[in-house]
Amino acid sequence: MVCWPSVQEVVSATRSMAAALGNARGTGDITNLASIGITTAKDGTLTIDAAKVSAAWTKSPADVQALVADVGARLAAVADALDDTTAGAFGSKASSIDKKLRDFDKQIAKKEAALTRLETQLTARFTALETL
């Protein structure tokens with residue numbers, strides 16, 4: 001089931017992802033994404049300087065790998081938090097919708113039981129009228 005978060009939840013998730021990217025740390029000379037040519041614009045878009053990325057990879061592949069691993073771990077943590085069934089934007093929305101669906105199922109079951117009782121009553125009445 002697709003659960004769409006509110007605008008505030010999307011903004012919060014976007015900020016969390018931007019913070020995860022900004023807080024990522026590498027080793028050696030590669031300390032952050034900007035040091036390998038990946039920068040964030042004011043509107044949140046990423047700009048990649050391919051020449052700088054290539055130069056960083058050539059000079060210190062292990063340091064670039066460490067930075068990318070840290071970025072990945074931080075983004076995974078943000079995604080896990082969003083999907084948390086009790087506090088996450090998507091998980092809590094899914095839980096809420098699941099609860100509503102269970103409530104609807106209960107209401108449907110009650111209405112079906114009421115219709116079955118009514119059918120039984122009407123059948124008994126018409127049977128009684130036919131025997132007159």
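**Exercise 1. Find which residues make up the largest nonpolar core, and say which helix gives the largest share.**

Step 1: the set is Leu21, Ala24, Ile30, Leu33, Ile36, Ile38, Ala56, Val64, Leu67 and Val71, 10 residues in all. A nonpolar core here is a set of buried Ala, Val, Leu, Ile, Met, Phe, Trp, Tyr and Cys residues joined through side-chain atoms within 4.5 Å. Buried means under 20% relative accessible area, exposed over 50%, and partly exposed in between (1.4 Å probe, protein chains only).

Step 2: helix 3 (residues 61-83) gives the largest share, 3 residues.

Step 3: as background, nonpolar side chains tend to be buried together in soluble globular proteins.

Before going on: this is a predicted model, where local features need pLDDT of at least 70 and side-chain atom pairs count only at pLDDT 80 or more, while totals for chains, interfaces and linings use all residues. Residues are numbered from 1 along each chain as its sequence is written, and side-chain values use heavy atoms, with hydrogens and water left out.

**Exercise 2. Pick out what Ala56 touches, leaving aside its neighbours within four places in sequence.**

Step 1: use the contact cut-off, heavy atoms within 4.5 Å.

Step 2: Ala56 then touches Ile30, Ile36, Pro61 and Val64.

Step 3: check against the core list, which includes Ala56, Ile30, Ile36 and Val64.

**Exercise 3. Lay out the order of the elements.**

Step 1: count 4 helices and 2 strands. These are DSSP runs numbered from the N terminus: helices are H or I with at least four residues, strands E with at least two.

Step 2: read from the N terminus to get α-β-β-α-α-α.

**Exercise 4. Track down the salt bridges and say how exposed the partners are.**

Step 1: the whole structure has 3 of them, a salt bridge being a side-chain nitrogen of Lys or Arg within 4 Å of a carboxyl oxygen of Asp or Glu.

Step 2: Asp29 pairs with Lys59 at 3.1 Å, N to O. This one links distant parts of the chain, 30 residues apart: Asp29 sits in the loop between helix 1 (7-23) and strand 1 (38-40), Lys59 in helix 2 (residues 50-59). Both partners are exposed.

Step 3: Asp70 meets Arg74 at 2.9 Å, N to O; both lie in helix 3, 4 residues apart, about one turn of the helix. Asp70 has 19% relative accessibility, so it counts as buried, whereas Arg74, at 30%, is partly exposed.

Step 4: Asp103 and Lys99 bring their closest N and O atoms to 3.2 Å, both in helix 4 (residues 89-131). Asp103 is partly exposed at 29%, and Lys99 is partly exposed at 46%.
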